[in-house]
Amino acid sequence: MSVHEAVSSAKTSSPALVRVAVVGAGYWGVNHVRTFARLAGCELTLVCDPDAKNLKRAAGLAPSARLCSDYAQVLADPSIDAVVLATPAVLHAEQTILALRAGKHVLCEKPLALSVQDAKAVKAVAEQSGRVMMCGHLMLYHAAVLRLREMIQSGDIGEVYYLYGLRVNLGKLRHDENAMWSLAPHDVSIILYLLGQVPVSVAARGHAYLQPGVEDVVFLNLIFGDGKMAQIQVSWLDPRKERRLTVVGERRMVEFDDSHPTEKLRIYDKGFHRPPEFTQFGEFLTVRNGDIHIPHLDLPEPLNVECRHFIECIQKGQAPRSGAKEGLDVIRVLGAADKSLRNQGAPVLIEDEP
Ligand SMILES: NC(=O)c1ccc[n+]([C@@H]2O[C@H](COP(=O)([O-])OP(=O)(O)OC[C@H]3O[C@@H](n4cnc5c(N)ncnc54)[C@H](O)[C@@H]3O)[C@@H](O)[C@H]2O)c1
């Protein structure tokens, strides 16, 4: 059964009001608590976290939700329709599979898993479950990314030549995943979504300065079958917070700066002009230095859009924009990058997914 068929067959049993449990109410999970507590169409019924301090903070944001410290209680609770996992990444695959097998819909924070094998297992269980399985690829719910995709698909920026992303800041340091697994899922998910394809090979180099074996900075290079190229730099050991992605196209170049509060996209009408006829070699390619346009974008909070999408997919029996397949694709890239990282940056081929 395909994901879509499975999800569609669950349509009839989808409840009108989706009762949600948020599992993991730490640094990021508390945002899910805040969002689901206010979201229409759902009821934040339960918050689960073994950390009493985090539970207490969550209770302040969602006073009507019950609290528990044991995930088994969430799984066994028949009043819970959907589970939102914002737990440490090492737990994601196993907790997702357990929730799907318990008949719950799942929204799992990125990364879906820390290995291709685990991500494939999640996808297989998701396809059989008839439940919505969505990955928290937040950036696919960002208005600027959607606009950028429209520009690419409509041919507005011409053929995409290459892209590069920068996602650096000081902290948040993790010990159970390196900076690549923590930060690069965002850029990889954006790039795959924009280009509509998975790279054929990846090379990655990085270094662990602060904790043995946990890279603080990683440079990834992605090569696509049609010659497109993408570079991603991630680090939690950097003086400046930068969240940038640049797309260089044949007709236009676009900069997405997520650190800027309002001017998220900058569209450069720049490139090289290739005149049909020329008399001197210097006229063969001439620089075109046009205007810079900053479009107005309505900017709803991406997490709110993501959570709403999850609830709507459950209620309407639709497959999510960032489902198990998209989650697996990101892990295929990161899994290959991880192999490259352990092999002095040698390029690693990404196997085709049947
Ligand atoms: N989408 C985004 O922009 C974004 C941003 C930050 C973090 N994240 C992701 O969210 C996840 C959590 O990150 P974080 O920064 O909040 O980490 P965190 O360590 O602050 O929080 C994790 C929470 O999970 C709880 N937990 C641990 N084991 C548990 C269990 N078995 N059952 C229930 N709760 C358990 C911990 O007590 C803690 O409160 C990570 O996967 C991270 O990559 C996503």
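**Ligand between two domains**

The shell around the ligand is a mix of ten nonpolar, eight polar and seven charged residues; here Ala, Val, Leu, Ile, Met, Phe, Trp, Tyr, Cys and Pro count as nonpolar, Asp, Glu, Lys and Arg as charged, and the others, Gly among them, as polar. This is a predicted model, with local features needing pLDDT of at least 70 and side-chain atom pairs pLDDT 80 or more, while totals for chains, interfaces and linings use all residues. Numbering runs from 1 along each chain as its sequence is written, and side-chain values use heavy atoms, leaving out hydrogens and water.

**Around the ligand**
- In total, 25 residues surround the ligand (a heavy atom within 4 Å), and the closest are Trp28, Asp49, Asn54, Lys110 and Arg174.

**Polar contacts** (pairs of N or O atoms within 3.5 Å)
- Asparagine 54 puts a polar side-chain atom 2.7 Å from a ligand oxygen.
- For arginine 174, a side-chain N or O atom is 2.8 Å from an oxygen atom of the ligand.
- Glutamate 109 has a polar side-chain atom 3.1 Å from a nitrogen atom of the ligand.
- The ligand alone exposes 850 Å², and the protein buries 83% of that (Shrake-Rupley method, 1.4 Å probe).

**Domains**
- An automatic or database assignment splits the protein into domain 1 (3-137) and domain 2 (140-302 + 334-349).
- Both domains give residues to the shell, so the ligand lies between them.
- Their C-alpha centres lie 30 Å apart.
- Across the divide, 13 residues of domain 1 are in contact with 13 of domain 2 (heavy atoms within 4.5 Å).

Technical notes
A polar contact is a pair of N or O atoms within 3.5 Å; within protein, one must be able to donate a hydrogen and the other to accept it, and residues adjacent in sequence count only if both atoms are side-chain atoms.
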